[in-house]
Amino acid sequence: MIRYHYGAAAGYTRMVSDAFAAWELLWPEIGERHFVDTGAIAIAETDGDYAHRTLACFRATGVQHRVLNRAETEALCPQYKLRPASFGVLADPGGPLFADRIVRDLARLAEALGVTMMPHASVIAIDPRAATATLADGQVIAGDAMVVAAGAWCGALWPSFADLPVMRQALCYVEPAEAYADAWRGPALVAFGDNGGYTLPGVAGTQLKFGYGAHRRPGNPDEEGWQSPPGEDRQIMAGFGRFVHDIDAYTPLRVQVGYYTMDATREFRVETEGRTIAIGNCDGQMFKFGPLMGERVIASIEGEIGADDLKRWAAGRA
Ligand SMILES: Cc1cc2nc3c(=O)[nH]c(=O)nc-3n(C[C@H](O)[C@H](O)[C@H](O)COP(=O)(O)OP(=O)(O)OC[C@H]3O[C@@H](n4cnc5c(N)ncnc54)[C@H](O)[C@@H]3O)c2cc1C
């Protein structure tokens, strides 16, 4: 999901505008627009919750948005059990980025541009000062600069990331109740109160997707893999019964497991040493910022942005 809503985090809210601009540069390069602008909504439940914080932040940062009163929210999103004090904070563009299609087409683009792709090559050691990476088969790859973007495994290559907690998260694809099928093609839900549940509409050949913040837990991809134990789909969906009508009429289709690093700051960490830039603490948040982060990292390698500015910007404190 890409959306402007970031609660009170003004730095990341502003970064989303730049992130959209970076995606707009990418679509013509890969020849497809792997994004549907369904809009995104946060729904208020109680005073001071995520929607309230987002609204205050939108007003402070000048992000275009609409506040829907309770009746308007109900008309747009009849699938949710609204509270008496509910209202919606809607902003667009926002919605699903089709990550697998994007990564597939990026790989094709890279190859077409003459990049040497080495799928399944495992880096076992790096030398940040020399910008070299040693592969498991003993090959040493040397470059003018090196970027370490190793996701949940970043701590193995970059010692100061070793203390970042590795989290396992799982999302559930669902078949909605028939009565609400059309409503689920509407805006992505960023937050309902401070409940922790979010949804992505099933559009452009994808399925409705439910995620639940509280379902995240520490995990280890090398030990646990990507299997989902029986019943996990129902565990994820259970969190939605509190604010989705007729949840028993929804059918879980499959669960997708993933891993990322995430500490309590929830700020991206960018560190530099010698000719190397390492990116960590990407949380469940970095996909939307991928092309933008790429732009800034390249600008830093080319000397247009200083290391401290890059670090501060990535932490959302520019
Ligand atoms: C369930 C889930 C939902 C998410 N939802 C969203 C969302 O809605 N919006 C959003 O913006 N972001 C979302 N994210 C977050 C986003 O996917 C990550 O932040 C992003 O993928 C981080 O990119 P990365 O390239 O740094 O790491 P990754 O995508 O994890 O890629 C790292 C790659 O490095 C490889 N690697 C690691 N170590 C080595 C090594 N030693 N040698 C060779 N290769 C290595 C790995 O195999 C992997 O392919 C979500 C993540 C998950 C798990």
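The following dialogue examines how several features of this predicted model are classified.

Student: Why is L113 called exposed?

Tutor: The relative accessible area of L113 is 63%. Exposed means over 50%, so L113 is exposed. L113 lies in the loop between α4 (99–112) and β4 (123–127).

Student: What makes L113, V115 and M117 a nonpolar patch on the surface?

Tutor: Nonpolar side chains such as Val, Leu and Met are joined into a patch within 5 Å, provided that each residue has over 30% relative accessible area and no salt bridge. L113, V115 and M117 form such a patch, with about 280 Å² of accessible area together. For L113, the value of 63% can be set against the cut-off of over 30%.

Student: Why is A204 called partly exposed?

Tutor: A204 has a relative accessible area of 45%. Buried means under 20% and exposed over 50%, with partly exposed in between; A204 is therefore partly exposed. This residue is found in the loop between β10 and β11.

Student: What makes the phi of A204 worth noting?

Tutor: Phi of A204 is near 50 degrees, which is a positive value in a residue other than glycine. Most residues other than glycine have a negative phi. D283 is another case: its phi is near 60 degrees, again positive in a residue that is not glycine.

Student: Where does D283 lie, and why does D283 count as buried or exposed?

Tutor: D283 lies in the loop between β15 and α8. Its relative accessibility is 6%, and buried means under 20%, so D283 counts as buried.

Student: What makes the peptide bond between D92 and P93 a cis bond?

Tutor: Omega is about 0 degrees for the bond that joins D92 and P93, a cis peptide bond. Most peptide bonds are trans. P93 is in the loop between β3 (88–91) and α4.

Student: How do you know that both faces of β3 are covered?

Tutor: G88 and L90 on one side of β3 are buried, as are V89 and A91 on the other. Buried means under 20% relative accessible area, so both faces of β3 are covered.

Student: How do you know that β3 pairs with β1 and with β2?

Tutor: Two strands pair if there are at least two bridges between them. Four bridges join strand β1 (residues 40–43) to β3, and three join strand β2 (residues 66–68) to β3. Both counts meet the cut-off, so β3 pairs with β1 and with β2. The strands run antiparallel in the pairing with β1 and in that with β2. V89 stands opposite A42 and is also the bridge partner of V67.

Student: Why is strand β11 called mostly covered?

Tutor: Four of the five residues of β11 (residues 208–212) are buried. Strand β10 (residues 197–200) pairs with β11 in the antiparallel sense over four bridges, with G197 opposite Y212. Strand β8 (residues 166–175) is joined to β11 by three bridges, also antiparallel, and F210 is the bridge partner of C172.

Student: What makes β4 and β6 the edge strands of their sheet?

Tutor: The open sheet has three strands in the order β4-β5-β6, with antiparallel pairing. β4 and β6 (140–142) each pair on one side only, and are the edge strands. The twist averages 20 degrees from one strand to the next. Four bridges join β4 to strand β5 (residues 132–135), where T134 stands opposite A125.

Student: Which strands are the edges of the sheet β7-β15-β14?

Tutor: This open sheet has three strands and mixed pairing. Its edge strands are β7 (146–148) and β14 (269–273), each pairing on one side only. Neighbouring strands of the sheet are turned by 15 degrees against each other on average, direction ignored.

Student: How do you know that β14 pairs with β15?

Tutor: Five bridges join β14 to strand β15 (residues 276–280), and pairing needs at least two. β14 therefore pairs with β15, and the two run antiparallel. E273 stands opposite T276 in β15.

Student: Which helices lie across strands of this sheet?

Tutor: Helix α8 (residues 290–301) lies across β7, β14 and β15, and runs at about 155 degrees to β15. Helix α9 (residues 307–314) lies across β14 and β15, at about 165 degrees to β14.

Technical notes
Residues are numbered from 1 along each chain as its sequence is written. This is a predicted model: local features need pLDDT of at least 70, side-chain atom pairs count only at pLDDT 80 or more; totals for chains, interfaces and linings use all residues. Side-chain values use heavy atoms; hydrogens and water are left out. Axes are lines fitted to C-alpha atoms, for helices over the stretch in contact, and angles run from 0 to 180 degrees between N-to-C directions. Contact means heavy atoms within 4.5 Å. Patches are made of residues with over 30% relative accessible area and no salt bridge: like charges are joined within 9 Å, nonpolar side chains (Val, Leu, Ile, Met, Phe, Trp, Tyr) within 5 Å. Accessible areas come from the Shrake-Rupley method with a 1.4 Å probe; for residues, only the protein chains shown count as cover. A salt bridge is a side-chain nitrogen of Lys or Arg within 4 Å of a carboxyl oxygen of Asp or Glu. Buried means under 20% relative accessible area, exposed over 50%, partly exposed in between (1.4 Å probe, protein chains only).
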